[in-house]
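Here is a short briefing to read alongside the coordinates. Have the viewer open and follow the topics in turn.

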Amino acid sequence: MTNDVKESFTSDAPPPPAALAAKVRTLAPSMTRSMQRVAEAVAGDPAGCAALTVTGLAELTGTSEATVVRTARLLGYPGYRDLRLALAGLAAQQQSGRAPAVTADIAVDDPIADVVAKLAHDEQQTLADTAAGLDTIQLGAAVAALATARRVDIYGVGASGLVAQDLAQKLLRIGLIAHAHSDPHLAVTNAVQLRSGDVAIAITHSGSTGDVIEPLRVAFDHGATTVAITGRPDGPVTQYADHVLTTSTARESELRPAAMSSRTSQLLVVDCLFTCVTQRTYETAAPALAASYEALAHRHSPRTR
């Protein structure tokens, strides 16, 4: 499949109400300040904002009607009317008995029990946001490409490099030829060898990591199917991605860097990819998994003398 005729898998349906808050958290850092005010307002008080006209919301947030409409479209809604419907749906869900949000801010003097509770809540929210915002059409297209891939190259550095290794190990256990590359030079020299029928996956939360974007670009130029797993769907990495899988992350704090929560959401996407590929290739994946378990079984049993 050449770059000129690569199929485009997109979903024009607006996100469901439950995905709205996740969308705001994911996209807010890349918005203008005026758009952030609109996004924060609708996520913070969906019921109140659902009752406002576009003019009323613009006045409430100190912005313009055009900014409100642009924010709605960036969040995935064709217009403000569609956003209001989603806000009304979200407000109804919240009034149905959902527990109030728990802050994940961790203070230096927090007791250990509070740290555990806050981190657990934060992880759960990150996973829920990622699941709500994950485009299943894009996921399905990536799974289809992986299931028939001759070879899979995965690029990631730092915390994302650990996730790349996890995905490579999973794919190897079901019989796929997969390699994780954290060295940018090796990543590029391997990407040069890719062609149609191969898959290249870039994992970067920021969407702007040059050491990950460069090999993905090379793979894209050589005709491989390319996938980006990123927290910034408008980031530079998506220019060279046939399929984009968006992750969410909890708000960064001094005691919890973004890399920690972004890795949680990346691992969820990796597990989704692996499980769905295993389903699709079950006839070959199941024997491969059984063989790998058998090969390692003796390492998990006590040695006898």
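In which sense do strand 3 (residues 199-204) and strand 4 (residues 225-230) pair, and over how many bridges? Strand 3 and strand 4 pair in the parallel sense, over 6 bridges. Please keep in mind that this is a predicted model. The points below start with the sheet, then turn to the cores and the rings.

**The sheet**
- The sheet is open and is formed by 5 strands with parallel pairing, in the order 2-1-3-4-5.
- Strand 2 (178-181) and strand 5 (243-246) are at the edges with a single partner strand each, so one side of each has no neighbour in the sheet.
- On average, neighbouring strands of this sheet are turned by 15° against each other, direction ignored.
- If you want one bridge to look at, A200 has T226 in strand 4 as its bridge partner.
- Helix 8 (residues 136-147) packs on the sheet, where it touches strand 1 (152-155), strand 3, strand 4 and strand 5.
- The direction of helix 8 makes about 120° with that of strand 5.

**The nonpolar cores**
- The largest nonpolar core holds 30 residues, and V152, I154, L171, I201 and L273 are those with the most contacts inside it.
- At least two residues of this core come from each of helix 8, strand 1, helix 9 (159-173), strand 3, strand 4, helix 12 (258-280) and helix 13 (282-297).
- V152 is a handy residue to select: leaving aside neighbours within four places in sequence, V152 is in contact with L146, L171, I177, A178, H179, V199 and I201.
- Another core lies apart from the largest one. This other core has 22 residues, including V24, V68, A72 and Y80.

**Rings and a charge**
- The count of aromatic pairs comes to 1.
- The ring centres of F220 and Y240 are 6.3 Å apart and the planes stand at 65°, over the 60 degrees needed, so the pair is edge-to-face.
- This pair links distant parts of the chain, 20 residues apart: F220 belongs to helix 11 (residues 210-221), and Y240 to the loop between strand 4 and strand 5.
- Are the two partners buried or partly exposed? F220 has a relative accessible area of 18% and is buried, while Y240, at 21% relative accessibility, counts as partly exposed.
- The cut-off for buried is under 20% relative accessible area, so the two partners fall into separate classes.
- The charged end of R173 sits over the ring of Y293, at 4.7 Å from the ring centre.

How values were computed:
Residues are numbered from 1 along each chain as its sequence is written. This is a predicted model: local features need pLDDT of at least 70, side-chain atom pairs count only at pLDDT 80 or more; totals for chains, interfaces and linings use all residues. Side-chain values use heavy atoms; hydrogens and water are left out. Two strands pair if DSSP finds at least two bridges between them. Helices (H or I, at least four residues) and strands (E, at least two) are DSSP runs, numbered from the N terminus. Axes are lines fitted to C-alpha atoms, for helices over the stretch in contact, and angles run from 0 to 180 degrees between N-to-C directions. Contact means heavy atoms within 4.5 Å. A nonpolar core is a set of buried Ala, Val, Leu, Ile, Met, Phe, Trp, Tyr and Cys residues joined through side-chain atoms within 4.5 Å. Buried means under 20% relative accessible area, exposed over 50%, partly exposed in between (1.4 Å probe, protein chains only). Rings of Phe, Tyr and Trp (its six-membered ring) pair if their centres lie within 6.5 Å; planes under 30 degrees apart count as stacked, over 60 as edge-to-face and the rest as tilted. A charge sits over a ring if NZ of Lys or CZ of Arg is within 6 Å of the ring centre and within 35 degrees of the ring normal.
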